[in-house]
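Let's take a walk through this model together, moving from enclosed space to packed helices and then to an open pocket. Keep the viewer at hand as you read.

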Amino acid sequence: MPRKLLLPYKSVFSHFRAPRGLHDSVAMNAARSGYRVFSANSTAACTELAKRITEDVNTAVMELLIMAYALKTSCARNIIGVIPYFPYSKQSKMRKRGSIVCKLLASMLAKAGLTHIITMDLHQKEIQGFFSFPVDNLRASPFLLQYIQEEIPDYRNAVIVAKSPDAAKRAQSYAERLRLGLAVIHGEAQCTEQDMDDGRHSPPMVKNATVHPGLELPLMMAKEKPPITVVGDVGGRIAIIVDDIIDDVESFVAAAEILKERGAYKIFVMATHGLLSADAPRLIEESSIDEVVVTNTVPHEVQKLQCPKIKTVDISLILSEAIRRIHNGESMAYLFRNITVDD
C-alpha cells in the first residue's frame, strides 16, 4: 500500500478536535496503517491548542498525549510531533533532590506513541538524549541573523551581548557569524540556574541536630559574586542581547540598564522563544530596551498589542521543510548546514 501523507498541520485536526475536558472520549480516523501523521502545536490550523501552551501548559501536554495515543491505537505507522517550543525544557537538571521533569515528559511522549519529534532550540542540547526515538532540534539562529542584517541599521557598529556567562557560547556564535564584537555581563545582579532555590532543604533544617561522631564533612563556603562587570566595550555601540528563551524579563531589563550606563545607545533583545509571561509587555515598554525580537514558536499576539516594541520573526518555513523531508525520506542535513554546536 503506498504511503499517504495527511497534510501537515491540517489532517490531524480535520479528524480530531481537541477535547474540551480530559474526560471526553477520543476517536481517530486513521485506521490505515500506511498513514504517517504529523501533529503540531503551532500553526494556523491549531492556534487554539497552541495558545493553551502559554495559558495552561499541562492541559496542552495532556491533550498532545491523548492525541498521540489515539493515533497509536488506530494503527498509525509513524506519529511525528511538531513541538516548536518544548515545555519544561528548563527543568533538565537535578537541583538538590528535585526531579528532572523534562526526562519524565520525554518518557511520557514515547509511551503515548510518538515516534519522532521536530522541535526548535532546546534549552540544553543534551535533552535529545532523554528520548528513545529521533529528535530533530532545528535552529532559529539563521532567521535571527538575517533579521539583524536586514532590519537593524548600521548593525556593523553593534556588539553581541551575553546577559550572563551561561549565555556566552551562544553570543560568541552570533558574534563570529556577524563578524562583530562580544561582551559578557557578569556580577552579583545575575542569577544563574545553579543558584536558584527550589524552596526546600535537604536534609531539613533542625535545631541542635546531632552529627554522627565519625562523620566529618568539609565546610562548604558560601558563594560571593563579584561586583557587576561588563567584559567588553559597548560605549557608543548598538547592544544586541541574545538568548534562547524570554520568559520573565527582569534580568533583560536589568542588563539593558547596565548597558545604557556603559554607553550603549541602542539595545535589542533577541531570542527564539518569546513566552513573555506575567507583566513582561509592560516592563519592556517602560525599560531601556528598544526592541525585542522573538520567533513565532509560541503565540504572543496579545503581548504585541500591549507592547509595540515586540517584533516577530516567522520560522514556519524551516518547520514545513522538515516535515516535507521526513515524509519523502530525504536527508535532514541540509537544514543543519553551517550550524554550530553552540547555536
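A good place to begin is the lining of the second largest cavity, which is made up of Tyr85, Phe86, Ser89, Met120, Asp121, Leu122, His123, Ile245 and His273. Keep in mind as you look that this is a predicted model. By class, that lining has 5 nonpolar, 3 polar and 1 charged residues. The space in the second largest cavity comes to about 30 Å³, and the structure holds 2 cavities of 30 Å³ or more. Rolling a probe the size of a water molecule over the atoms shows where empty space is left.

From here, let's turn to helix packing. Two packed helices are described by the angle between their axes and the distance between the axes. Take helix α3 (residues 57-73) and helix α4 (residues 101-112): their axes lie 8 Å apart and the packing angle is about 30°. Angles under 35 degrees count as roughly parallel, so α3 and α4 are roughly parallel to each other. On the α3 side, the contact uses Val61, Leu64, Leu65, Ala68, Tyr69 and Lys72, while α4 brings Leu105, Met108, Leu109, Lys111 and Ala112. Sorted by class, the contact of α3 with α4 has 9 nonpolar and 2 charged residues, with no polar ones.

Now move on to another pair, helix α5 (residues 141-151) and helix α6 (residues 168-178). Their axes come within 11 Å and cross at roughly 50°, which makes α5 oblique to α6. The crossing in which α5 passes α6 is right-handed. Where do the two helices touch? Ser141, Leu144, Leu145, Ile148 and Gln149 in α5 meet Tyr174, Arg177 and Leu178 in α6. The residues of this contact of α5 with α6 comprise 5 nonpolar, 2 polar and 1 charged.

Both of these helices return at our last stop, the second largest pocket. About 420 Å³ of space lies in this pocket. Its lining has 14 residues, and those nearest the pocket centre are Pro142, Phe143, Ile318, Leu335 and Arg337. The elements giving two or more residues to the lining are α5, α6 and α10 (316-328). Which element gives the most to this lining? That is α5, with 4 residues. As for chemistry, the lining of the second largest pocket divides into 9 nonpolar, 2 polar and 3 charged residues. So α5 is worth a second look in your viewer: α5 is oblique to α6, and α5 also gives the most residues to the lining of the second largest pocket.

Definitions and conventions: Residues numbered from 1 in each chain as written. Predicted model: local features only at pLDDT ≥ 70, side-chain atom pairs only at ≥ 80, totals over all residues. Heavy atoms only, no water. Axes fitted to C-alpha atoms, helices over the stretch in contact; angles between N-to-C directions. Parallel < 35°, antiparallel > 145°, perpendicular 65-115°, else oblique. Left-handed = near helix turned anticlockwise from the far one by under 90°. Contact = heavy atoms within 4.5 Å. Nonpolar A, V, L, I, M, F, W, Y, C, P; charged D, E, K, R; others polar. 1 Å grid on protein atoms, 1.4 Å probe; cavity = no way out; pocket = protein on both sides within 12 Å on 5 of 7 lines; lining within 4 Å. Points joined across faces, edges and corners; volume = space filled by probe spheres on them.
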